[in-house]
Amino acid sequence: MAEYIPPLYQETLANGLNLLGVEYSRVPWVSLTFMVKRGAECDPPDKAGVADWTAEFLTLGTARRSQRQLAEDVEALGARLKARAGWDATYISLEGLAEDFTALMTLLAEVVQTPRFPEEEFPLLRERRRAELAQVLDDPRELATRYFQRLFFQGAPYGHAVRGEPESLEAITLVDLVAHYGREYTPEAATLVVVGMVPREQVVQEAGRTWGGWRGGGPASPTYTAAPSRTCPPGLYLLDRPELAQSEIRLGHLGVPRQHSDFFPLRLVNYILGEGGFSSRLMLRIRSELGLTYGIRSRFHFRRAPGPFTVATFTPAENTGRVVREIQAVMQEVKENGVTLQELTEAQSYYVGHFPLSLETPWALARQIATIDLHELGWDYLCRYCEQIKGVTLGAAAQAAKAHLQPEALVTLVVGPAAKISQDLGELAPVIQVGEI
Amino acid sequence: MTRAEPLNLSGWQPAIDIVPYRLENGLHLLVVPDESLPVVSLQLHYQVGSRNELPGITGISHLFEHLMFRGTKELGPEEFARLLQAKGGEINAFTTKDHTSYFENLPKEHLELALSLEVDRLANLKLDEENFQTEKEVVISERKLRSVDSPFGLVEEQLYSLAYTQHPYQWPVIGRAQDLRRLTLADCLAYYRTYYHPGNLTVVIAGDVRPEEARELVEKHFGSLKSPGSPAPLEVREPPQRGERRSVFKKVSQVEAFFAGFHVVGLDHPDIYPLTLLAVVLSGGRASRLYQEFVRPGRAADLEAYLAPPPWSARDPDLFLIRAVAAPGTDLAGLEADLWSSLERLKTEGLQEAELARAKKILKAQTVQGLAQNFYRGLMVGLFYLKTGDAQRINGLLQYYEQVTRDDLIRVARNYLREDNRSVVILKPVSAEESLALGELA
């Protein structure tokens with residue numbers, strides 16, 4: 001085991017809450033992360049955003065402090081309190097200077113354990129979200145990403161924006177947030193991660209004092225692990241935005257869950273296909289050779305249940321049809337013929353060489369530890385990581401590409417000026433015009 | 001990693017070891033050793049940015065940054081990035097108003113490879129018409145992404161061109177659309193000869209390397225390069241603004257907004273510290289004045305006072321920015337008037353000691369956070385050096401903030417946040433049809 005991999009410690013507190021920690025010595029910083037292992041996939045179908053709104057609401061007042069008092073007390077420490085839902089988990093984190101560790105731990109415990117749910121804050125939260133949404137929908141990149149997700153999953157649990165959809169603004173009530181908190185925030189389904197310049201003994205002692213007596217709610221919702229019963233039929237979908245100079249392009253199909261045994265081969269294949277920047281085939285072809293975009297990226301979204309595989313890019317409107325064709329061709333080539341030994345070796349070398357950089361900061365370490373816990377990857381995961389990357393063979397990579405890339409069954413969404421692109425796109429496949437969300 | 005020891009953490013100050021060298025050809029090297037992890041950050045900062053450009057060739061610094069990845073006599077396009085990524089490296093570059101920076105964060109055993117590739121592209125860059133045209137198209141696409149199709153990109157561009165009448169900060173780093181189209185390969189070759197040589201280069205190596213070893217490696221690879229000497233220093237000064245300037249920008253948008261800018265100071269001026277603290281007092285965090293007064297009650301979707309903190313601050317006097325996005329249903333003119341009233345109150349009534357203490361603590365935390373990464377350590381050292389000639393300022397940074405008083409904040413607010421010193425651009429939403437009728441966005 002490389003000597004720079006920091007030892008991870010684990011304790012179970014009296015109430016069953018899992019505590020994970022790492023001592024960090026480079027700068028006097030501490031990152032505290034409370035993770036509930038339920039996220040936006042638990043949102044009711046017509047109330048997208050409940051998990052995320054609940055998380056933010058915790059920061060808007062506790063039994064002891066008003067929103068303003070809490071903000072003043074956190075920021076007087078120079079600290080940052082963040083609360084957000086993701087897929088499969090929700091994170092409430094507080095980061096600050098190690099000199100304030102005890103105060104930070106007390107504040108985070110108070111936020112999570114004794115929220116006040118002040119009624120007067122709810123309409124303010126809703127109006128802020130309304131304003132945010134108006135801004136987000138002005139950004140073609142955000143719009144395309146959100147629209148694709150919704151179009152693709154057709155109402156399945158991963159098929160909405162984590163922060164909420166336009167209809168959520170009227171649908172979600174304070175009662176929904178209180179109910180979500182009461183159900184999902186329980187020690188049995190949560191973990192506290194502490195990375196910082198604080199000795200283990202002190203962390204364990206403080207965690208026991210501030211978290212050990214918390215009972216929480218529950219029982220938490222069952223975990224969501226199944227593939228959706230249906231997704232959007234493959235095809236070419238167009239959202240007309242006449243004012244845009246460029247088209248935003250999103251395409252994809254269903255991927256695999258994080259626990260899938262092909263995780264490592266797929267990660268390497270995807271690096272070669274479209275995640276490896278200038279080392280990737282999509283970037284090489286569409287940017288370097290053709291100059292048709294500034295950036296392109298493919299990604300498997302590894303989650304507890306199968307997440308999507310997506311390719312995202314943009315191009316001046318007149319190139320749209322060509323770019324879609326080129327992406328399909330590059331995917332087809334990788335699926336049929338796999339990757340080369342040199343490509344695989346370089347991708348492996350990238351992940352192994354890059355590994356120490358991923359351990360450099362307290363927040364990066366905290367994020368890795370939370371992910372290891374969420375997906376039950378094993379406490380020795382960091383120690384085994386490089387071996388697993390190096391162990392992927394050319395055959396395994398080829399098999400993973402063949403099994404999991406589906407260039408023939410892509411859902412393709414273009415957000416752009418229809419007048420400039422419809423004809424060109426129509427030569428690829430029938431174009432289905434879609435309306436605003 | 002070593003075990004954490006109980007320390008007197010509250011008195012902690014940065015104590016970054018900086019070992020400077022100068023090669024005979026004028027190259028400056030700063031080594032920032034740290035053995036925590038077996039990695040290094042290699043950074044090459046060329047002292048050229050959009051402030052060195054002229055009308056007609058705006059955007060050339062940034063376009064040139066792209067060309068540096070297009071291959072050399074030995075290497076094909078993007079092979080530079082591929083070779084280093086294959087060793088685990090993070091490779092990128094960025095261009096600002098004041099400098100163009102290239103970096104590689106990678107395992108320490110590959111430092112020499114990175115140095116050899118950097119010197120190769122400095123000495124043997126392959127600039128041909130085909131490479132040039134391909135990359136020009138990429139940059140035009142990037143401009144559309146960052147400026148034209150982004151919600152506020154063109155609004156901010158218009159603000160800078162309104163506020164500056166003579167100084168090169170009036171044009172965007174990405175360049176003006178017309179200039180990008182007309183730039184030629186010959187322009188780029190002339191630019192390459194003028195600015196890309198050891199006399200205009202500062203190299204920073206931060207991480208697990210012994211200083212003397214780093215110097216030997218840099219000497220070995222860069223030492224034989226000739227330099228025509230540093231380019232003549234560029235002294236440009238924006239005349240004081242003598243009255244408010246306003247303009248309107250119409251585009252398709254769901255929101256109304258205004259962007260405002262006040263001329264302030266550059267990094268080397270001592271007022272940069274109270275001004276940075278003032279921006280944090282105004283909008284840093286949810287306890288801040290503008291958040292509590294406008295964002296929390298739902299009048300503004302976003303309201304931010306922003307000035308890049310040292311050492312990210314511009315070298316010459318920059319704008320202290322206000323970015324205000326009205327919440328749906330809020331009257332923009334009323335929001336603007338109330339914002340200026342709020343600033344007037346600060347100037348006349350002052351602020352509480354707790355507000356200043358909070359801002360100082362927030363900036364201390366941000367500084368400590370940055371220093372957790374080799375890359376940012378190196379950048380902070382390098383940028384202080386590049387823009388002020390004094391890398392050691394990184395170690396005094398927290399003390400500079402500490403020394404600022406409430407009276408300093410009131411003084412700078414009165415001095416700089418004046419109506420006569422202000423430029424304002426209003427974003428006025430129009431329909432897609434109206435937008436098309438107004439002509440092409442560029």
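Colleague: Which residue in β11(A) does A:Gly252 stand opposite?

Modeller: In this predicted model, A:Gly252 stands opposite A:Val411 in β11(A).

Colleague: What makes β8 and β11 of chain A paired strands?

Modeller: Two strands pair if there are at least two bridges between them; strand β8 (residues 246-254) and strand β11 (residues 411-416) of chain A are joined by five bridges, and therefore they count as paired, with the two strands running antiparallel.

Colleague: What is the order of the strands in the open sheet of chain A, and why are β9 and β12 of chain A said to stand at the edges?

Modeller: The open sheet has six strands in the order β9-β10-β8-β11-β7-β12 (chain A), and their pairing is mixed. β9 (296-302) and β12 (431-434) of chain A each have a single partner strand, so one side of each is left without a neighbour in the sheet, and that places them at the edges. On average, neighbouring strands of this sheet are turned by 20° against each other when direction is ignored.

Colleague: Which helices of chain A lie against these strands, and at what angles?

Modeller: Helix α5 (residues 140-153) of chain A packs on the sheet and touches β7 (235-240), β8, β10 (306-316), β11 and β12 of chain A, its direction making about 150° with that of β11(A). An angle over 145 degrees counts as roughly antiparallel, so α5(A) is roughly antiparallel to β11(A). Helix α11 (residues 320-337) of chain A lies across β8, β10 and β11 of chain A at about 25° to β8(A), which is under 35 degrees and therefore counts as roughly parallel.

Colleague: Why is α11(B) called oblique to α15(B)?

Modeller: Helix α11 (residues 332-349) and helix α15 (residues 406-416) of chain B pack at an angle of about 130°, with their axes 9 Å apart. That angle is neither within 65 to 115 degrees nor over 145, and so α11(B) is oblique to α15(B). The crossing of α11(B) past α15(B) is left-handed.

Colleague: Which residues meet in that contact, and how do they divide?

Modeller: B:Leu343, B:Leu346 and B:Lys347 in α11(B) meet B:Ile410, B:Ala413 and B:Arg414 in α15(B). The residues of this contact divide into four nonpolar, no polar and two charged.

Colleague: Where are the cis peptide bonds that you list, and what are their omega values?

Modeller: One joins A:Gly218 and A:Pro219, with omega about -10°, and A:Pro219 lies in the loop between α8 (200-211) and β7 of chain A. Another runs from B:Pro310 to B:Pro311, with omega near 0°, and B:Pro311 lies in the loop between β9 (300-306) and β10 (319-326) of chain B.

Colleague: What makes the phi of A:Gln154 worth a remark?

Modeller: Phi of A:Gln154 is near 50°, a positive value in a residue other than glycine, and A:Gln154 is found in the loop between α5 and α6 (168-171) of chain A.

Colleague: How many residues of chain B are in contact with chain A, and which element of chain B gives the most?

Modeller: There are 67 residues of chain B in contact with 66 residues of chain A. Elements of chain B that each supply at least two residues to this side include α2 (79-85), β5 (100-107) and α4 (129-148), while α12(B) gives the most, with nine residues. The residues on this side of chain B divide into 35 nonpolar, 18 polar and 14 charged.

Technical notes:
Residues numbered from 1 in each chain as written. Chains lettered and ligands numbered in written order. Predicted model: local features only at pLDDT ≥ 70, side-chain atom pairs only at ≥ 80, totals over all residues. Contact = placed C-beta atoms within 7 Å. Helix = DSSP H or I, 4+ residues; strand = E, 2+ residues; numbered from the N terminus. Nonpolar A, V, L, I, M, F, W, Y, C, P; charged D, E, K, R; others polar. Axes fitted to C-alpha atoms, helices over the stretch in contact; angles between N-to-C directions. Left-handed = near helix turned anticlockwise from the far one by under 90°.
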